[in-house]
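I am opening these notes for a reader who has not met this structure before. I will write down what I looked up, in the order in which I looked.

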Amino acid sequence: MIGSPDVLAFTSEEGDFILVAEFSEQVGPLPVRTIPDDPRVIGSFDLNHFSLRIMSVDYQAAGPQPHPQAASPSPQPSGSSLQPLPHLTFSEDSRVVLGDSKEGAFAYVHHLTLYDLEARGFVRPFCMAYVSADERKIMLQFQEMSLRFSRASESLKTGNRRAFARELQRKLRDLEYTRSILQAALQRDIQ
């Protein structure tokens with residue numbers, strides 16, 4: 001997926017690389033993988049610091065805002081105790097260019113969100129970043145990187161949705177089993 005030739009085409013022998021990071025609720029932003037996975041390419045670059053930097057961007061702030069009518073509660077008949085249903089919003093991928101003067105690096109950063117039953121709100125922020133010392137190179141290839149990173153993101157999200165649905169079905173079956181056991185025990189206690 002991420003190691004596809006589409007994305008690897010942006011790397012070079014000049015020290016450019018791709019960084020994949022996730023937000024861990026226990027320790028914060030973490031580097032997950034670099035492409036290529038070669039210490040000579042990374043050198044003394046502080047992956048932990050840069051992961052914190054790129055995962056700290058408020059990438060959802062510039063996202064699409066709900067339509068005012070959609071966000072307002074629908075009118076209820078008088079005397080009705082019905083409450084308006086909450087609106088679910090899913091963040092879209094975002095693309096930003098960041099600079100880090102400490103590292104002398106620039107990055108095209110592609111944020112995405114994956115589903116995770118163990119994460120807060122059932123979502124886990126991820127990002128992929130193309131890191132280079134050459135800001136001009138990133139700006140010239142922004143559209144191409146956006147296209148290719150979007151393809152990699154869609155592959156990740158497709159697999160993630162399938163795995164999330166399977167895990168959710170398994171949890172629902174477990175809950176149904178537990179409910180049936182508790183109901184049977186309650187029926188025995190009543191008799």
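In which helix is the place of Ser 150? I looked it up and found Ser 150 in helix α6, keeping in mind that the model is a predicted one.

**Entry on Ser 150.** I next asked whether Ser 150 is buried or exposed. Its relative accessible area comes to 17%, and because buried means under 20%, I entered Ser 150 as buried. A polar atom of its side chain lies 2.7 Å from the backbone oxygen of Ser 146. When I set aside the neighbours within four places in sequence, the contacts left for Ser 150 were Arg 95, His 110 and Met 145.

**Entry on Ser 153.** I then turned to Ser 153, which is also found in helix α6, and noted that Ser 153 is buried at a relative accessibility of 0%. Leaving out neighbours within four places in sequence, I listed Asp 93, His 110, Leu 112 and Met 128 as the residues in contact with Ser 153. For one of these, Leu 112, I also looked up the C-alpha separation from Ser 153, which is 7.0 Å, although the two residues are 41 residues apart along the chain.

**Entry on the aromatic rings.** How many aromatic pairs does a search of the whole structure find? I recorded 5 aromatic pairs. Among them I looked at Tyr 108 and Phe 142, whose ring centres are 5.3 Å apart and whose planes stand at 75 degrees, so I wrote this pair down as edge-to-face. The pair links distant parts of the chain, since Tyr 108 belongs to strand β4 (residues 105-115) and Phe 142 to helix α6 (residues 142-190), 34 residues apart. I checked the accessibility of each partner as well: Tyr 108 is buried, with a relative accessible area of 0%, whereas Phe 142 counts as partly exposed at 21%. I also noted an aromatic cluster formed by Phe 17, Phe 45 and Phe 50.

**Entry on Arg 124.** Is Arg 124, in strand β5 (residues 123-132), buried or exposed? I found that Arg 124 counts as buried, at 15% relative accessibility. A polar atom of its side chain lies 3.0 Å from the backbone oxygen of Phe 23. Apart from neighbours within four places in sequence, the residues in contact with Arg 124 include Glu 22, Phe 23, Ser 24 and Glu 25, and also Leu 112, Thr 113 and Leu 114.

**Entry on the surface.** Looking at the surface, I found a nonpolar patch formed by Leu 168, Leu 172 and Leu 175, which together have about 270 Å² of accessible area. I looked up Leu 172 by itself and placed this residue in helix α6, where Leu 172 counts as partly exposed at 45% relative accessibility.

**Entry on the whole chain.** Last, I looked up the totals. The secondary structure comes to 6 helices and 5 strands, and from the N terminus on the elements run α-β-β-α-α-α-β-β-β-α-α. Of the 191 residues of the chain, 31% count as buried. Among contacts with a separation of 6 or more, I noted that 60% are between residues 24 or more positions apart. The chain exposes about 12,600 Å², of which carbon and sulfur atoms supply 55%.

Notes:
Residues numbered from 1 in each chain as written. Predicted model: local features only at pLDDT ≥ 70, side-chain atom pairs only at ≥ 80, totals over all residues. Heavy atoms only, no water. Phe/Tyr/Trp six-rings, centres within 6.5 Å; stacked < 30°, edge-to-face > 60°. Helix = DSSP H or I, 4+ residues; strand = E, 2+ residues; numbered from the N terminus. Buried < 20%, exposed > 50% of the residue type's maximum accessible area, 1.4 Å probe, protein only. Contact = heavy atoms within 4.5 Å. Polar contact = N/O pair within 3.5 Å; in protein donor to acceptor, adjacent residues only side chain to side chain. Patch = residues over 30% accessible without salt bridge, like charges linked within 9 Å, V, L, I, M, F, W, Y side chains within 5 Å. Areas by Shrake-Rupley, 256 points an atom, 1.4 Å probe, with all protein chains shown as cover. Salt bridge = Lys/Arg side-chain N within 4 Å of Asp/Glu carboxyl O.
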